[in-house]
Amino acid sequence: MNIKMTGFFSGLMVISAVTLFTPQPVLAEALPTDKECKKIENKDTELAGWCAAVDRFVGNCLACHKMVTPQWPEGFPEGGNAAPPLVAMKSRFPDRATLRAQIYDSRMANDKSLMPPFGAFHILNDQQIDDIVEFLYTL
């Protein structure tokens, strides 16, 4: 049998092989749920960003976005599918300032965006936005 791989499928095979054979970081434990976040004091920046992002009364990112992380808390809801998944954020937003601007007021890049302008409408403060950016850069 002669198999010819072209274009998309050959690229997919290369990506799959690289993913399978690239050492992946060993993660210590699952991230906390939104309820567990409320009990944690002195959060580091990335953890504070995760907690702000998943809290339904703060960032509420999971209402529209799905996040992809191997540290996902067991039994925690996956997130929405109304907006792009939050994955490979460093690749999608190589410049932190661009990602921060997207969260602050997505209407600046797309005036038809349905994403709330979290900074412009004071839904999130500057520190919360910075923390969320730091967390998203881990995805």
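Select Asp-105 and Arg-107 to begin, and show their side chains: in this predicted model, the two side chains make a polar contact at 2.8 Å. Asp-105 is found in the loop between α5 (96-104) and α6, and with a relative accessible area of 6% it counts as buried, because the cut-off for that term is under 20%. If you leave out residues up to four places away in sequence, Asp-105 touches Pro-117 and Ala-120, which can be added to the selection.

Next, select helix α3, residues 45-54, which is mostly covered, with eight of its 10 residues buried. Among these buried residues are Leu-47, Trp-50, Cys-51 and Val-54, and what covers the buried residues of α3 includes α2 (34-37) and α6 (126-136). At the start of α3, look for Asp-44, where a side-chain oxygen reaches to within 3.2 Å of the backbone nitrogen of Glu-46.

Now turn to the aromatic rings, of which a search of the whole structure finds four pairs. Trp-50 and Phe-76 form one that is tilted, at 6.1 Å centre to centre and with 45 degrees between the planes. This pair links distant parts of the chain, since Trp-50 is in helix α3 and Phe-76 is in the loop between α3 and α4 (89-92), 26 residues apart. Trp-50 is buried at a relative accessible area of 0%, and Phe-76, at 11%, also counts as buried.

Keep Phe-76 selected and add Trp-72: these two form a tilted aromatic pair as well, 5.7 Å centre to centre with 55 degrees between the planes, and Trp-72, like Phe-76, is buried. Finally, add Phe-135 to see the cluster that ring pairs make of Trp-50, Trp-72, Phe-76 and Phe-135.

Technical notes
Residues numbered from 1 in each chain as written. Predicted model: local features only at pLDDT ≥ 70, side-chain atom pairs only at ≥ 80, totals over all residues. Heavy atoms only, no water. Buried < 20%, exposed > 50% of the residue type's maximum accessible area, 1.4 Å probe, protein only. Helix = DSSP H or I, 4+ residues; strand = E, 2+ residues; numbered from the N terminus. Contact = heavy atoms within 4.5 Å. Polar contact = N/O pair within 3.5 Å; in protein donor to acceptor, adjacent residues only side chain to side chain. Phe/Tyr/Trp six-rings, centres within 6.5 Å; stacked < 30°, edge-to-face > 60°.
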